[in-house]
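This report covers one helix pair and a few backbone features in a single model. The structure comes first, then the description.

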Amino acid sequence: PGAARGAQGRRPTPHTAGGHAGVGGAGPGDPGLLTLKALQQIQQAEVVLYDQLVSPEILELVRRDATLVSVGKKAGAHSVPQEETNRLLVEYAKAGNRVVRLKGGDPFMFGRGGEELEVLAEEGIPFSVVPGITAAAGATAYAGIPLTHRDHAQSAVFITGHCQKEGKEPDWQQLAATNQTLVIYMGLMRSEHIQQQLVSHGRRAATPIAIIERGTTARQRVLTGTLADLAELAQQAVSPSLIVIGEVVALRQQLAWFGEQGQGQEAESGHELKLVSLA
C-alpha cells in the first residue's frame, strides 16, 4: 500500500531552496473525486503528512520517492496530537521541502486546516490551499440523497458530533428545524445524545435518517431508518461514517445508483438495514 512507501517519518533533509507547505483535500475516498489540482500537488510533494481518512488508492498516486508520514486521528485509537502535526509541518517546510498536509474531504470542513495555516503564517512559511470534495457532498451524492430539494429541504447544515471546548452545546432549537437537512460528521459516539436533543427540540422522531459508512468507496454501506432509530443504528456502524437527517433521505429509495442496493433485513426495531456495495 501507498503508506508503506518512502522513508516513513524520516528527519527533514536540508534543501538549498526555500520550503513550501500545501494543505490539500483528498476528497471523500473515491480516487476519481480527487481534483486535478490536488493530484498535481501530491505528485510534486517531497513530503506528505496524511490523515487516516485518505484512502490507500489516493496514497498510491503520491510521487513515488516522497516521504509519507501518517499523522491521522481515529476515534478510540492512538493518534498523533495536533501540536506534533504542526511541528512536523513546520520542520519539514523549514528544511526546504515541498510539504503537503493531505486531509480526507476538504481541509476547511472540520479538518483543522485553518489552525495549521495559522501556524504556518506565524512561522513565515509560504503556503497554499487546495480544496476537496467534502464528505457531506460526496457521500450523500453516492448514496442517492440530495442535500437540498425544492419540496423537502431549503437548506443544509453541517455540524460535527465532537464536543465543543468547555462542553458548549450547539443551538439544538435551530438544528431541529424542519425543511432542512442536517449532516453530522463524527457523530457516532454521541448519536444517542444527538437523537434525544433533536426530538426534545421538536424534530419528529419519524424523520428519515441515513448513516453512510466509508462513503464513495467500494466498501460504502448505507443504513437507513428514522430519527427514533439513530442510536441503535449507530451501534451497527463503523467509522468513518456520516449521519444525515431529513426528509430528503427518503428519496434514496428512488435515487440510489451507486453499486448494488441490497434489500437488507428487518431489525428488531422495525427499521430496514440497506446495503450499498461494489462487487
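## Backbone geometry and a helix pair

Pro240 lies in the loop that runs between helix H8 (230–236) and strand S10 (241–245). The model is a predicted one. The peptide bond joining Ser239 and Pro240 is cis, with omega at about 5 degrees.

Positive phi values come next. Arg112 and Arg214 have a positive phi in a residue other than glycine. Arg112 is found in the loop between S4 and H4, and Arg214 in the loop between strand S8 (208–213) and strand S9 (221–226). Arg112 is partly exposed, at a relative accessible area of 39%. Arg214 also counts as partly exposed, with 23% relative accessibility. Gly124, just after H4, takes a positive phi as well, of about 75 degrees. The phi values are listed below.

| Residue | Phi | Place |
|---|---|---|
| Arg112 | near 60 degrees | loop between S4 and H4 |
| Arg214 | near 45 degrees | loop between S8 and S9 |
| Gly124 | about 75 degrees | just after H4 |

The helix pair is described next. Two packed helices are described by the angle between their axes and the distance between the axes. For helix H3 (residues 82–94) and helix H4 (residues 113–122), the angle is about 45 degrees and the axes are 10 Å apart. The two helices are therefore oblique to each other. The crossing in which H3 passes H4 is right-handed.

Which residues of H3 meet Glu116, Val119 and Leu120 in H4? On the H3 side they are Gln82, Thr85, Asn86, Leu89 and Val90. By class, the residues of this contact divide into four nonpolar, three polar and one charged.

H4 can also be described by burial. Its buried residues are Gly113, Glu116, Leu117, Val119 and Leu120. Viewed down the axis of H4, these buried residues fall within an arc of 155 degrees, so they line one face of the helix. Glu118 and Glu122, on the other side of H4, are exposed.

What do the buried residues of H4 pack against? Their partners are H3 together with strand S1 (20–25), strand S4 (98–103) and strand S5 (127–130). Glu116, Val119 and Leu120 are buried in H4, and these three residues also appear in the contact with H3.

Note on methods. Residues numbered from 1 in each chain as written. Predicted model: local features only at pLDDT ≥ 70, side-chain atom pairs only at ≥ 80, totals over all residues. Heavy atoms only, no water. Axes fitted to C-alpha atoms, helices over the stretch in contact; angles between N-to-C directions. Helix = DSSP H or I, 4+ residues; strand = E, 2+ residues; numbered from the N terminus. Parallel < 35°, antiparallel > 145°, perpendicular 65-115°, else oblique. Left-handed = near helix turned anticlockwise from the far one by under 90°. Contact = heavy atoms within 4.5 Å. Nonpolar A, V, L, I, M, F, W, Y, C, P; charged D, E, K, R; others polar. Buried < 20%, exposed > 50% of the residue type's maximum accessible area, 1.4 Å probe, protein only. Arc of directions from axis to C-beta.
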